[in-house]
Each structure stands twice: as structure tokens, then as C-alpha cells.
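Visitor: I would like to take a close look at one part of this structure and have it explained step by step. Please take your time over it.

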Amino acid sequence: MAFIQLVHYFLQGLVEVIKEHGENVEHQLCVKHLYGNWKKKYPGAHMKELMWMAARATTTPDWQKAMLQIKNYDEEAWNDLQKLKPACWTRSAFKVNTKCDLQVNNMCEAFNNVIMDYRHKPIITLLEGIRFYISSRIVKLRAALMRHEGSICPKIQQIMEKNKKAYEPWRAHWCGDVDLSLFEVSKGMEKYVVNLKQETCSCRKWELTGIPCTHSIACMWTNGVEPELSVNSYYRKSTVLTTYSFIVYPCNGPNLWPPL
């Protein structure tokens, strides 16, 4: 049976439920699991490379080029991928309002792994285990972030440093607007349009993630602006501290519960 049929039969109930909750609710597939099914029919390192190239493409032209390479290599594999809605698996079709380009469900996998010792126990024991884990995690993350000296979350700052290092071959050309925001950024034949005021780049990486891309950073430095100031508020230390400002209140044990 083709991998797409397996995915369809497994998820069709979930897809219908999500549709009922509104058209603005996104439904994305975990590309890691998607490839896990796909490789059973289309194995090989080159096929894996091509599929992930299509999945990670952030613009429609780049996605189309990757899909064409798949078609030229194995048309049947291309036909199977064509049955999937692009918005479910390729960044080129993701909406940009969530500021998230994740394509794997590692967060769910990590949570499932944490509750492994509790998930098969009676419901009260299960809930108590989850409550204790969540409470401990809130305290741990808040304490770690309080020790962090920067205004941007540590992992996001690492991405920023990587993007800043990659800017060198790119040349930013200001187009002369009064707001100092419109730029054409080029490297050889590659060119992208950046609008600093709207916080957009035609590579779509800035809009997808909320983290300035290499092209936009080149423009910011041309204007003498610190790139960190343009990181989306989702990734600021103050925002995350607000997120983890609540607590899970302590509970008495069964020894103090009222009798039933």
C-alpha cells in the first residue's frame, strides 16, 4: 500500500475534526514520520535528500524546483507527494502568523517520553505525575531564564548569531525610500527584496519564524540597526518569563482527602 494511503487512513478522522474547528486552524504533518512511511516505498539517501529539500523550501519557486527534481528522479514518488496538500508539509505553504516553521513533533514526543512512567497507571496517579512534572518544569525554566543575561531567548540568540555570520557575501542596496526600509539584497544572481518596516523578506524566512534572516540583517547593519531589536516578541526573555509566571499550586495527598 502506498505511503500516502497509510497516512490518509490514519489521519482522516483527525483532519475532519480540525476542519470543524475553523478554517484558520492549521493542520501540519510531522515530516519525520511522513518520510518514515515514504522511505518504505522510496528508499535511498538521494530520495531522502530531495524530499527534505522540498519540505524545507520556504518559497514556492524553490519548492517547485525540488519537486521537479523528485519527478525527474522517480515520477511515481512525485505523484504520491502531489496527493498531499503543500500546506501540510512544506514551509513554502505555511502561514506566517504563527512565527513557527517546525516540521517535526519533537515536543509531543518529548512530553510522551516524560510521562512514560505514569501513562499506564490509574488516572489519579497519572494526573499527579503530570502535575508534578509541569510544576517542576515551570520552576526550572523560569530559573534558567532569569540567569540568562540577554534580552532574547538563548536558542534564538544562537540562530541570530548563525544568521549574522552568514551575511558577509550578501550586498544590500537601499532603494531610496524615505523610511530607509526598502532594499534589494544580492549575491551573484540570487536577489531578495527586504522591507524593514513591514519586517518581510522575499525568502519568507523572517515572516515564517519571526527571526531576522541573513538578508534582512545585511540591511539592518547598513542602517546601523541592531538585528536583535527586530526579533519577534514571542522570543523575548520578558515574554517567556510572563508565560511561566504562573504556578501550579500544591495539593494535599490522599491521606488528607475527605472520605467518599
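Which helix lies across E1, E2, E3 and E4, and at about what angle to E2 does that helix run?

Guide: Please keep in mind that this is a predicted model. The helix you ask about is H10, made of residues 214-223, which lies across E1, E2, E3 and E4 and runs at about 120 degrees to E2.

To see what H10 lies across, let us begin with the sheet itself, in which four strands are arranged in the order E1-E2-E3-E4, forming an open sheet with antiparallel pairing. Strand E1, residues 171-174, and strand E4, residues 200-201, stand at the edges with a single partner strand each, so one side of each of these two strands is left without a neighbour in the sheet.

Moving inward from the edges, we come to strand E2, residues 182-187, and strand E3, residues 190-195, which run antiparallel and are joined by six bridges. Within this pairing, Ser186 stands opposite Lys191 in E3, and this is a good place to pause if you want to trace the pairing in the picture. E2 and E3 form a hairpin with two residues between them, and in its turn Gly188 has a positive phi of about 65 degrees.

On its way into the hairpin the chain passes Leu180, which is found in the loop between E1 and E2. Leu180 has a positive phi of about 55 degrees although it is not a glycine, and with a relative accessibility of 40% it counts as partly exposed.

The next pairing is that of E3 with E4, which is again antiparallel and extends over two bridges. Here Val194 stands opposite Cys201 in E4. These two strands also form a hairpin, this one with four residues between them, and Glu199 in the turn has a positive phi of about 55 degrees.

One residue of E3 deserves a slower look, namely Asn195, which is found in that strand. Is Asn195 buried or exposed? Its relative accessible area is 13%, and buried means under 20%, so Asn195 counts as buried. The side chain of Asn195 reaches the backbone nitrogen of Gln198 at 3.0 Å. If we leave aside the neighbours within four places in sequence, Asn195 is also in contact with Ser181, Leu182, Thr200 and Trp206.

From the sheet we can follow the chain back to the loop between H8 and E1, where Tyr167 lies. Tyr167 has a relative accessible area of 29% and is partly exposed. Setting aside its neighbours within four places in sequence, Tyr167 is in contact with Thr214, Ala218 and Trp221, and you can look for these three residues in the helix with which we began, since H10 is made of residues 214-223. There is also a long distance to notice here: Tyr167 and Arg131 are 36 residues apart in sequence, while their C-alpha atoms are 45 Å apart in space.

A little further back along the chain is Lys164, which lies in helix H8. Lys164 is buried, with a relative accessible area of 15%. A polar contact of 3.0 Å joins the side chain of Lys164 to that of Glu161, and, with neighbours within four places in sequence left aside, Lys164 is in contact with Gln157, Ile217, Trp221, Pro227 and Glu228. Trp221 has now appeared twice, as a contact of Tyr167 and as a contact of Lys164.

Helix H8, residues 154-165, also has a part to play beside helix H7, because what covers the buried residues of H7 includes helix H6, helix H8 and helix H11. The buried residues in H7 are Leu126, Gly129, Ile130, Ile138 and Leu145. We can also check the length of H7, whose 25 residues, 123-147, should span 36 Å at 1.5 Å a residue; the end C-alpha atoms are 37 Å apart, which agrees.

To bring the picture back to your question, H10 lies across E1, E2, E3 and E4, and the sheet below your eye has the order E1-E2-E3-E4.

Notes: Residues numbered from 1 in each chain as written. Predicted model: local features only at pLDDT ≥ 70, side-chain atom pairs only at ≥ 80, totals over all residues. Heavy atoms only, no water. Pairing = 2+ DSSP bridges. Contact = heavy atoms within 4.5 Å. Axes fitted to C-alpha atoms, helices over the stretch in contact; angles between N-to-C directions. Buried < 20%, exposed > 50% of the residue type's maximum accessible area, 1.4 Å probe, protein only. Polar contact = N/O pair within 3.5 Å; in protein donor to acceptor, adjacent residues only side chain to side chain. Expected span 1.5 Å × (residues − 1).
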